[in-house]
Amino acid sequence: MDMEVRAAAAKVEKYASSQSGDTLEMVERPGGGISFVLADGQRSGQSAKAISNMVVRKVISLLAEGVRDGAAARAASDYLYNAKKGQVQATLNILSVDLTTNTLVITRNNPAPVIVAQGEQISMLDSPSLVVGLYRDTRPVINEMPLEIGITVVMFTDGLLLSGERTGESLDVTSTLRMFLDEENPLPRIIADTLLEQAMKLDNGRPVDDISVVALRVMEKRGDEARRMTVRLPIP
């Protein structure tokens with residue numbers, strides 16, 4: 001059965017911050033497929049943005065040259081370590097649709113988990129993972145799985161998990177995702193938007209940290225062969 005991949009992202013900056021410290025970019029892979037690269041720089045605002053930009057730019061330049069995900073993550077960590085003398089850190093996630101191997105590749109340098117659903121089974125990829133930039137030769141945690149219809153992946157920065165901390169509440173990402181899986185073919189855009197909206201509600205519309213959410217689904221192919229991308233950028 002023919003497949004297609006749909007993905008969507010939703011992100012917002014910390015309340016009263018001039019700029020989000022999270023950076024998200026997409027790059028096409030030379031062997032076929034796409035990669036989403038998400039980094040969260042230390043602290044918030046412009047200084048955090050500079051850090052996350054540095055990490056993401058390094059990763060996407062290497063991926064575009066055909067470097068494997070794990071090697072790109074290690075190189076970005078060494079790059080940040082050398083540039084900042086090991087005094088600055090960032091989290092890093094890479095989510096790749098690799099058409100050379102017909103697999104999904106999930107690369108983590110992030111204590112926050114990545115959620116994966118296959119059918120009715122939901123798994124939390126949460127094995128210990130070091131952030132980038134603090135040590136030489138920091139290795140990522142990598143999970144790889146075949147591309148199959150029905151797989152859903154949700155990755156995010158820690159701002160999603162911190163939502164509600166002012167009132168002692170927290171967002172149950174797994175339960176929210178399970179709610180969507182009870183529906184027929186939930187769209188990634190709805191999943192990402194709903195998770196962000198719930199986090200914002202827990203923070204009373206004033207996020208305690210930058211929040212970024214990426215949702216990806218492998219679905220039965222519908223429609224033509226065109227690739228499409230939609231972006232919404234509010235201007236203050």
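Which residue forms a salt bridge with Asp98? In this model, which is a predicted one, the partner is Arg29, and the closest N and O atoms of the two are 3.4 Å apart. Side chains of opposite charge can pair when their charged atoms come close. The structure holds nine salt bridges, and I picked this one for where its ends sit. Asp98 belongs to strand S4, while Arg29 is in the loop between S2 and S3, so the pair links distant parts of the chain, 69 residues apart.

Now the sheet around that pair. Five strands make up an open sheet, and going across, the order is S2-S3-S4-S5-S8, with antiparallel pairing. Which strands stand at the edges? They are S2, residues 22-28, and S8, residues 141-146. Each of these has a single partner strand, so one side of each is left without a neighbour in the sheet. From one strand to the next, the twist averages 10°.

Let me take two of the pairings in turn. S2 and S3 are antiparallel and are joined over seven bridges. Within this pairing, Asp22 is placed opposite Asp40 in S3. The two strands form a hairpin, with four residues between them. In the turn, Gly32 has a positive phi of about 110°.

The other pairing is S4 with S5. Strand S4 covers residues 90-98 and strand S5 covers residues 103-109; they run antiparallel, and seven bridges join them. Here Ser96 has Val105 of S5 opposite.

What lies across these strands? Helix H2, residues 69-84, lies across S3 (33-41), S4, S5 and S8. Relative to S4, H2 runs at about 160°.

On to the pockets, and I will start with the second largest, since the salt bridge comes back there. Its volume is about 260 Å³. Of the 16 residues that line this pocket, the closest to its centre are Arg29, Val67, Arg68, Asp69 and Asp98. Arg29 and Asp98 are the salt-bridge pair I opened with. At least two lining residues come from H2, and at least two from S8. By class, the lining of the second largest pocket divides into five nonpolar, six polar and five charged residues.

The largest pocket has a volume of about 2,400 Å³. Fifty residues line it, and those closest to its centre are Ala7, Ala8, Ala9, Met229 and Thr230. Which elements give two or more residues to this lining? They are strand S1 (3-12), S2, S3, helix H5 (188-202) and strand S10 (211-220). S1 gives the most, with ten residues. The lining of the largest pocket has 25 nonpolar, eight polar and 17 charged residues.

Last, the enclosed space. How many cavities of 30 Å³ or more are there? The count comes to one, and about 30 Å³ of space lies in it. Its lining is made of Gly164, Arg166, Thr167, Leu202, Asp203 and Asn204. By class, that is one nonpolar, three polar and two charged residues.

To go back to the start: Asp98 in S4 and Arg29 in the loop between S2 and S3 are 69 residues apart in the chain. Both are listed among the residues closest to the centre of the second largest pocket.

Note on methods: Residues are numbered from 1 along each chain as its sequence is written. This is a predicted model: local features need pLDDT of at least 70, side-chain atom pairs count only at pLDDT 80 or more; totals for chains, interfaces and linings use all residues. Side-chain values use heavy atoms; hydrogens and water are left out. Two strands pair if DSSP finds at least two bridges between them. Axes are lines fitted to C-alpha atoms, for helices over the stretch in contact, and angles run from 0 to 180 degrees between N-to-C directions. Contact means heavy atoms within 4.5 Å. On a 1 Å grid over the protein atoms alone, a cavity is a set of points where a 1.4 Å probe fits but cannot get out, and a pocket is an open set with protein on both sides within 12 Å along at least five of seven lines; lining residues have an atom within 4 Å of a point. Grid points are joined across faces, edges and corners, and a volume is the space filled by probe spheres set on the points. Ala, Val, Leu, Ile, Met, Phe, Trp, Tyr, Cys and Pro count as nonpolar, Asp, Glu, Lys and Arg as charged, and the others, Gly among them, as polar. A salt bridge is a side-chain nitrogen of Lys or Arg within 4 Å of a carboxyl oxygen of Asp or Glu.
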